Amino acid sequence: MRMSWKLGRAAGIDVFLHPTFLLILFVPDAVANLPLVIALFGCVLLHEFGHALTARRFGIGTVNITLYPIGGVARLMRMPRAPGAELLIALAGPAVNFAIAAGLYTVLGLGGSAILGDYASFFLLQLMAMNLVLGGFNLIPAFPMDGGRVLRAVLSGWIGRGRATSFAASVGRALALGFGIYSLLTFNLIQVALAGFIYYAAGVEEAGVLADERRRRSPTPNEEDLWKAPPGYRWIESGQGVWRLAPVTVADWANRRWG
């Protein structure tokens with residue numbers, strides 16, 4: 001039985017709220033600034049929809065989106081294997097936050113406190129700043145955050161997906177460890193939890209990717225271990241663990257048909 005509470009469904013994707021989200025109420029000043037907190041997590045939700053809808057463009061569905069007190073997670077049905085697709089999917093989330101910040105900046109520039117009022121202007125200014133921080137923070141190369149996935153996507157074309165994942169995961173764990181120690185010294189338990197999550201998730205995803213790479217290189221891989229290629233294309237290994245899509249030629253088809 002799923003422990004999360006379903007908030008609704010948008011763009012064909014179920015949205016859930018994890019029970020631990022209520023811990024946000026114990027953060028100092030969170031209750032006093034509840035409208036700002038709700039608006040911020042609305043932007044977090046849009047961030048996750050940025051990932052999900054971009055993934056859909058590459059034929060990758062999204063199981064659901066879940067909001068946690070430390071952010072949101074869009075559970076894709078599978079991770080993108082092509083570096084270009086992963087790069088665009090990873091950048092889509094922060095791009096949404098930067099677009100929101102740009103929109104709020106435009107509204108503030110056109111209206112200002114004279115039209116919007118002091119409270120509304122201050123509210124939108126805070127929300128704009130939070131979106132800039134959210135977008136920038138997610139671009140830190142701490143795998144498996146967005147920036148870490150960007151780093152892996154950039155490296156995958158040179159050293160292969162497996163080695164790129166290990167490198168990005170090592171960077172992510174090192175940054176998470178440093179961030180966690182700093183947060184512990186400053187008694188920021190929410191940030192300590194975030195650092196712990198990043199450290200743990202980096203190891204879990206690295207192990208999964210390396211196991212996937214080993215299964216693909218097996219002399220007799222199972223059907224479910226093979227990546228599905230778009231119609232008219234097939235996956236080929238070009239050396240050093242680098243996989244790429246190549247068009248299926250007449251000769252390839254003949255070899256499969258009669259070879």
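Trainee: Of the 259 residues of the chain, what percentage count as buried?

Mentor: This is a predicted model, in which local features need pLDDT of at least 70 and side-chain atom pairs count only at pLDDT 80 or more, while totals for chains, interfaces and linings use all residues. Residues are numbered from 1 along each chain as its sequence is written, and side-chain values use heavy atoms, with hydrogens and water left out. Buried means under 20% relative accessible area, exposed over 50% and partly exposed in between, with a 1.4 Å probe and protein chains only. By that definition, the share of the 259 residues that count as buried is 40%.

Trainee: Which pattern does the chain follow when read along the sequence?

Mentor: Helices (H or I, at least four residues) and strands (E, at least two) are DSSP runs, numbered from the N terminus. The chain comes to eight helices and six strands, and along the sequence they follow the pattern β-β-α-β-β-α-α-α-α-α-α-β-β-α.

Trainee: Among contacts between residues at least 6 apart in sequence, what percentage join residues at least 24 apart?

Mentor: A contact here means heavy atoms within 4.5 Å. Among the contacts in the chain between residues at least 6 apart in sequence, the part that joins residues at least 24 apart is 55%.

Trainee: Which residue forms a cis peptide bond with Phe143?

Mentor: The omega of this bond is about 10°, and the partner of Phe143 is found in the loop between helix 4 (118–138) and helix 5 (146–159). That partner is Pro144.

Trainee: Is Phe187, with its positive phi, buried or exposed?

Mentor: Phe187 has a phi of about 60°, a positive value although the residue is not a glycine. Its place is in the loop between helix 6 (161–185) and helix 7 (189–216). Because its relative accessibility is 72%, Phe187 counts as exposed.

Trainee: What relative accessibility does Ala11 have?

Mentor: Ala11 lies in the loop between strand 1 (5–10) and strand 2 (13–17), and its phi is near 55°, a positive value in a residue other than glycine. Ala11 counts as partly exposed, because its relative accessibility is 43%.

Trainee: Which residue forms salt bridges with Lys6 and with Arg9?

Mentor: A salt bridge is a side-chain nitrogen of Lys or Arg within 4 Å of a carboxyl oxygen of Asp or Glu, and by this rule the count comes to seven. The N to O distance is 3.2 Å for the bridge to Lys6, and the closest N and O atoms are 2.8 Å apart for the bridge to Arg9. Arg9 is exposed, with a relative accessible area of 54%, whereas the acidic partner counts as buried at 16% relative accessibility. That partner is Asp14.

Trainee: How many residues apart in sequence are the parts that Glu205 and Arg149 tie together?

Mentor: Glu205 forms a salt bridge with Arg149, the closest N and O atoms being 2.7 Å apart. Glu205 lies in helix 7 and Arg149 in helix 5, so the pair ties together parts separated in sequence by 56 residues.

Trainee: Which residues are linked with Arg149 and Glu205 in a network of salt bridges?

Mentor: Both Glu205 and Arg149 are buried. The other residues linked with them in the network are Glu86 and Arg152.
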